[in-house]
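Here are a few exercises to work through at your own pace. Have the chains open in your viewer, and try each task before reading its solution.

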There are 2 protein chains.
Amino acid sequence: MSLIVQKFGGTSVGSVEKIQHVATRVIQEVDNGNQVVVVVSAMGKTTDELFRLATEITNKPNKRDMDMLLTTGEQMTISLLSIALQSKGYESVSMTGWQAGIQTEAIHSKARITHIETARISEELERGKVVVVAGFQGIDINQEITTLGRGGSDTTAVALAASLKSVRCDIYTDVDGVYTSDPRYIKGARKLAGISYDEMLELANLGAGVLHPRAVEFAKIHSIPLTVRSSIEEKEGTLIEEGSNLEENLVVRGVAFEEDIVRVTIFGLEDEITGLASVFTTLAANHINVDIIIHSRTELNSTNLSFSIKESELDEASEVLNQNQASLGFKKVEHETGLAKVSIVGSGMVSNPGVAAQMFQTLSEYGIAIKMVSTSEIKVSTVVNRIDMLKAAQIVHESFSLESLQTSPQLS
Amino acid sequence: MSLIVQKFGGTSVGSVEKIQHVATRVIQEVDNGNQVVVVVSAMGKTTDELFRLATEITNKPNKRDMDMLLTTGEQMTISLLSIALQSKGYESVSMTGWQAGIQTEAIHSKARITHIETARISEELERGKVVVVAGFQGIDINQEITTLGRGGSDTTAVALAASLKSVRCDIYTDVDGVYTSDPRYIKGARKLAGISYDEMLELANLGAGVLHPRAVEFAKIHSIPLTVRSSIEEKEGTLIEEGSNLEENLVVRGVAFEEDIVRVTIFGLEDEITGLASVFTTLAANHINVDIIIHSRTELNSTNLSFSIKESELDEASEVLNQNQASLGFKKVEHETGLAKVSIVGSGMVSNPGVAAQMFQTLSEYGIAIKMVSTSEIKVSTVVNRIDMLKAAQIVHESFSLESLQTSPQLS
């Protein structure tokens with residue numbers, strides 16, 4: 001008998017009918033002789049609706065009470081799914097985050113899981129029950145209800161899979177797998193049979209919204225094979241695991257893109273050595289996520305510094321920089337909006353030095369200006385004008401022949 | 001500084017606007033220098049709505065999951081009320097039943113409170129916070145979420161008042177006090193300034209929906225003065241306390257009525273001595289509440305037994321009886337639906353033996369058939385046909401002149 005963790009997101013449990021359909025997917029695994037732990041999110045728009053109620057009272061509701069409010073969403077889903085399972089003749093038990101022993105940091109709205117006390121879940125599995133756990137929520141050391149922040153239910157599922165040593169963690173969602181690029185916008189985008197944790201992590205961080213990066217990180221650390229698959233159709237999904245078992249050995253495995261990027265440039269930073277550190281320490285202290293950094297020395301004793309951030313963080317970043325202009329020691333700060341990021345990801349890049357060059361060459365052939373570049377061992381990111389984003393993604397996708405299955409490295 | 005417990009029911013917290021209004025009622029008491037614990041129910045129709053979701057799946061959802069589902073209702077309200085209090089500049093802390101230390105029996109859907117671990121609440125009150133507690137819910141010894149059954153939030157409030165030794169427990173509701181009968185149906189029904197615990201207990205048990213009987217019982221045992229008052233208007237309510245302080249000394253203080261009564265009759269119960277005990281022990285073990293019992297010996301070695309129950313418990317009662325027919329030893333069981341109960345309540349009855357007779361006389365004058373009768377020291381209940389219920393209540397109300405304030409016993 002194998003233990004499997006399944007996770008169904010908000011869209012998959014968006015109505016009573018859908019919850020009953022989820023029950024049949026759970027039952028398939030039980031009938032195959034498996035022990036099953038199911039993690040669910042709040043139904044469809046429930047979380048948005050609860051948010052709306054709170055913001056009718058004030059636009060700054062306190063985080064503790066918001067956690068108290070939002071966690072009712074998953075609690076509704078676990079009880080309804082458990083009712084559905086029992087009405088179909090299967091034994092089940094629903095558990096809130098605290099009942100499932102999901103212990104977190106003592107922080108509201110974005111706590112990290114510190115430990116899972118699995119005794120209760122294991123007992124119920126031994127009794128032959130399906131265990132239905134509320135995702136996204138936990139309890140801290142002071143018996144306070146906490147939430148894990150965006151994509152938290154993925155994290156709950158992977159953390160449970162790791163703690164319970166399950167053989168698999170299946171993430172059911174409204175897409176049927178991980179694609180080489182977003183099929184809504186990119187012609188030839190194709191579902192991948194497999195992808196490595198690191199590649200998935202880069203894709204998740206680069207705006208491919210299928211999985212939360214923290215969940216992928218957790219899966220990687222604990223070597224849990226993750227599958228992303230459709231909750232609607234009975235199709236093979238995409239398996240995320242360590243690279244060795246992947247059937248395809250692509251140099252580039254995916255093209256990701258993300259709009260609403262801003263480039264901020266600081267001119268005339270006086271002290272190059274301490275100035276650079278001070279700028280990013282100050283931004284980090286204010287929880288502003290800086291992505292690509294470019295640093296150039298233009299004249300004696302004066303440095304220009306560019307970095308990219310998300311447009312949603314621009315106001316706060318500008319405020320922080322202006323307030324600290326004297327202490328940071330720079331002449332002026334400017335920013336450019338209307339930008340986007342296009343990235344390629346693939347473990348094969350490490351051993352193929354020409355990959356970045358091919359991407360730049362392709363973009364240049366089509367007259368697309370590259371504003372910033374950042375590379376890692378398994379990705380190349382470029383910042384381009386927003387209006388060029390989709391075209392850039394499309395031609396790069398074609399340049400690396402991602403529309404066709406490849407079995408060996410291939411470079412033009 | 002006095003400690004006050006306030007309770008606001010579902011109608012009083014039916015919308016975000018109403019919750020903000022409740023916040024102002026709480027703040028009044030805080031501004032008067034009091035420590036306040038507020039108990040709230042689920043918003044308006046939330047509980048019905050959650051019920052509906054479950055019954056879309058099955059008409060027999062299991063009780064454990066129903067408790068899990070329904071308790072989300074009060075959890076929503078506590079967070080929204082706490083957000084409202086904080087947005088008005090008052091410190092508050094919301095607590096679910098388990099966080100508030102409300103420990104109950106290990107039974108779902110109608111658990112009794114066994115103990116309240118008040119340490120956490122007391123700590124927060126000491127810190128100057130308003131404590132907002134979810135009514136209707138608790139936790140059992142197995143860390144399971146339980147509910148207290150109908151009217152459970154009243155019980156939560158009174159139990160907290162008793163455990164915290166509060167000076168007062170104010171039950172805010174959509175009616176402005178306790179009436180001689182239901183003013184929506186009975187002409188001349190009048191608000192009472194005061195009523196004793198015992199009278200209120202009988203009225204509550206007899207279907208006068210203002211307060212839950214268990215809450216009244218708790219208040220009586222712990223001598224907590226209860227006030228029932230309007231959450232909308234600033235009016236005097238009805239004070240429920242020990243009889244001595246009541247301004248009015250009515251023989252009959254109220255007329256209650258309740259529909260959906262079923263009479264169950266067991267024919268040919270073989271062993272009169274052990275059989276009677278066995279029947280009611282079996283029903284009690286299955287948590288079926290039997291009200292009026294009539295027991296008549298018709299022939300040698302065979303007894304017929306009638307009792308009334310609520311229509312909602314008929315299916316379960318029939319099932320229990322049929323399953324145990326052999327061991328209980330009876331010939332057959334039948335039931336009659338379409339009945340109702342009309343009762344009079346008043347402490348003055350004890351010393352006025354003609355009260356029951358006057359009620360029967362009145363009903364008989366108007367041609368209303370009495371199907372069953374039950375009396376106690378302070379009440380007389382009659383079971384009549386459902387179609388006669390309101391007429392019976394009206395003529396009895398008039399017969400005892402309840403529409404006018406009386407200061408001394410008066411019998412026709």
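For sorting residues, Ala, Val, Leu, Ile, Met, Phe, Trp, Tyr, Cys and Pro count as nonpolar, Asp, Glu, Lys and Arg as charged, and the others, Gly among them, as polar. This is a predicted model, in which local features need pLDDT of at least 70 and side-chain atom pairs pLDDT 80 or more, while totals for chains, interfaces and linings use all residues. Residues are numbered from 1 along each chain as its sequence is written, chains are lettered from A in the order in which they are written, and side-chain values use heavy atoms, without hydrogens and water.

**Exercise 1.** Describe the lining of the largest cavity (a set of points on a 1 Å grid over the protein atoms alone where a 1.4 Å probe fits but cannot get out; lining residues have an atom within 4 Å of a point).

Step 1. The structure holds 2 cavities of 30 Å³ or more; about 80 Å³ lies in the largest, a volume being the space filled by probe spheres set on the points, with grid points joined across faces, edges and corners.

Step 2. Both chains line the largest cavity, with residues including Trp98(A), Gln137(A), Thr96(B) and Trp98(B).

Step 3. Sorted by class, the lining has 4 nonpolar, 7 polar and no charged residues.

**Exercise 2.** Work out how chain B meets chain A.

Step 1. Count contacts (heavy atoms within 4.5 Å): 40 residues of chain B touch 40 residues of chain A.

Step 2. Take the buried area (accessible area, 1.4 Å probe, that two parts lose on being put together, summed over both). The two chains bury about 3,200 Å², 63% of it on carbon and sulfur atoms. On the chain B side, Ile57(B), Ile83(B) and Trp98(B) lose the most area to chain A, together 20% of what that side buries.

Step 3. Look for salt bridges (a side-chain nitrogen of Lys or Arg within 4 Å of a carboxyl oxygen of Asp or Glu). The interface has 2, and Arg120(A) pairs with Glu144(B) at 3.2 Å, N to O.

Terms used: 1 Å grid on protein atoms, 1.4 Å probe; cavity = no way out; pocket = protein on both sides within 12 Å on 5 of 7 lines; lining within 4 Å.
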